[in-house]
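Here are some exercises to work through with the model open beside you. Try each task on your own before reading its solution.

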Amino acid sequence: MQANWTGPKTDNYSIYDSKDMDSKMNTLAANALQFDGEDIHTNGQFFVLLLLSSTVFSFSPDLPLCQSSLFWKICCIHAHQSMLYANSETLRQQFVDTLSALPQTSLISSPPTTTLERSVVARVYMECAHVCARYWMYELNSQFTDKATNALNVHIELTGVMGTRGKFQTEKKAQLVVKINQLDNNNNT
C-alpha cells in the first residue's frame, strides 16, 4: 500500500480506480488527514486508503492475526507525515507512543532465528530509524540503525576515497564509500 502514496504508480488497481473515485470522498479524507493545522499536499493520491489504514492500525494495535500491526502503524504514521507540509506534533506523539509498545510485540521480543525473521525485524528497525530522523531524534535513529545491523548480522562502515564521479570529470574529489561486511557467528568479518 505504501508505494501508492510515496512511490511510483502501480498498474494494479483492482481495489478501486482513482479516476472513478468520488472526488468529494477524496477531499473529505484529505481534510481528515490534516493535523495540527498543517495542510496536506494537494498532489497526493489515495487519501482514502491512507485514512482507512491509519484508522485500522491506530484503533486496533493488537490485531490478533497481525503480529506486525505496530510496524504497519509506524508505516502509516510515516506516510501520513510525508503527506503534510510540516512535521506534526500529534503524529510525532503517536510515533513515540507506538515505540513504547514495540518491545512487547512478539515480532521484536523473541530473537530472530531464520533469515526471513531477521530481515523483517531489521525492516521494522530501519522504518523506526527513518521516522526518528524525520522528527530529529538522532540518538534513537542511531540506536535503531545499530539494532537493524545486529539483526542482519552485518557491519557497516562509512569511509571515503578519492575518485571521479562522472564521465567528463577530470579532478578527483572525495567520494563516500559504504562498506557492508557480513559477520560470521563469532562477529568476525
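Please keep in mind that this is a predicted model. We can warm up with a single residue: G160 has 49% relative accessibility and counts as partly exposed.

**Exercise 1. Place G160 in the fold, and find how far its C-alpha atom lies from that of K173.**

Step 1. Look up the element: G160 belongs to strand β1.

Step 2. Classify its accessibility. Partly exposed covers the range between under 20% (buried) and over 50% (exposed), so the 49% of G160 puts this glycine in that class.

Step 3. Go to the partner. Along the chain, G160 and K173 are 13 residues apart, and their C-alpha atoms are separated by 9.9 Å.

Step 4. Check K173 as well: with 37% relative accessibility, this lysine is also partly exposed.

**Exercise 2. Write down the order of the elements from the N terminus, and state what share of the residues is buried.**

Step 1. Count the elements: there are eight helices and two strands.

Step 2. Read them in order from the N terminus, which gives α-α-α-α-α-α-α-α-β-β.

Step 3. Turn to burial. Of the 189 residues in the protein, 32% are buried.

**Exercise 3. Decide how α4 and α5 are oriented to each other, and then do likewise for α7 and α8.**

Step 1. Start with α4 (residues 69-83) and α5 (residues 89-101). Their axes come within 10 Å and cross at roughly 165 degrees.

Step 2. Apply the cut-off: an angle over 145 degrees counts as roughly antiparallel. Helix α4 is therefore roughly antiparallel to α5.

Step 3. Add the handedness, which is left-handed for the crossing of α4 and α5.

Step 4. Move on to α7 (residues 115-134) and α8 (residues 138-152). Here the axes come within 8 Å, and the crossing angle is roughly 165 degrees.

Step 5. Use the cut-off again: α7 and α8 are roughly antiparallel to each other, and their crossing is left-handed.

**Exercise 4. Find the salt bridges, and say how exposed the residues in them are.**

Step 1. Begin with the total, which is three.

Step 2. Take the pair E89 and R92, whose side chains meet in a salt bridge at 3.8 Å, N to O. Both residues lie in α5, three residues apart, or about one turn of the helix. E89 is partly exposed at 48% relative accessibility, and R92 is partly exposed at 26%.

Step 3. Take R123 and E127, whose closest N and O atoms are 3.1 Å apart in their salt bridge. Because they are four residues apart in α7, about one helical turn separates R123 from E127. R123 is partly exposed at 40% relative accessible area, whereas E127 is buried at 5%.

Step 4. Finish with K173 and E171. The closest N and O atoms of this salt bridge are 3.8 Å apart. E171 is exposed, with a relative accessible area of 52%, while K173 is partly exposed at 37%.

**Exercise 5. Outline the nonpolar surface patch, and work out which strand gives the most to it.**

Step 1. List the members: I156, L158, L176, V178 and I180 make a patch of about 520 Å².

Step 2. Assign them to elements. Strands β1 (154-163) and β2 (173-182) each supply at least two residues of the patch.

Step 3. Compare the strands: β2 gives the most, with three residues.

Step 4. Test one member against the rule for patches. V178 is found in β2 and has a relative accessible area of 46%, which makes this valine partly exposed. A patch residue needs over 30% relative accessible area, so V178 with its 46% passes that test.

**Exercise 6. Locate D184, classify its accessibility, and give its distance to N153 in sequence and in space.**

Step 1. Find the residue: D184 sits in the segment after β2.

Step 2. Classify D184: its relative accessibility is 35%, so this aspartate counts as partly exposed.

Step 3. Give both separations. D184 and N153 are 31 residues apart in sequence, and 7.6 Å lie between their C-alpha atoms.

Technical notes
Residues numbered from 1 in each chain as written. Predicted model: local features only at pLDDT ≥ 70, side-chain atom pairs only at ≥ 80, totals over all residues. Heavy atoms only, no water. Patch = residues over 30% accessible without salt bridge, like charges linked within 9 Å, V, L, I, M, F, W, Y side chains within 5 Å. Areas by Shrake-Rupley, 256 points an atom, 1.4 Å probe, with all protein chains shown as cover. Salt bridge = Lys/Arg side-chain N within 4 Å of Asp/Glu carboxyl O. Buried < 20%, exposed > 50% of the residue type's maximum accessible area, 1.4 Å probe, protein only. Axes fitted to C-alpha atoms, helices over the stretch in contact; angles between N-to-C directions. Parallel < 35°, antiparallel > 145°, perpendicular 65-115°, else oblique. Left-handed = near helix turned anticlockwise from the far one by under 90°.
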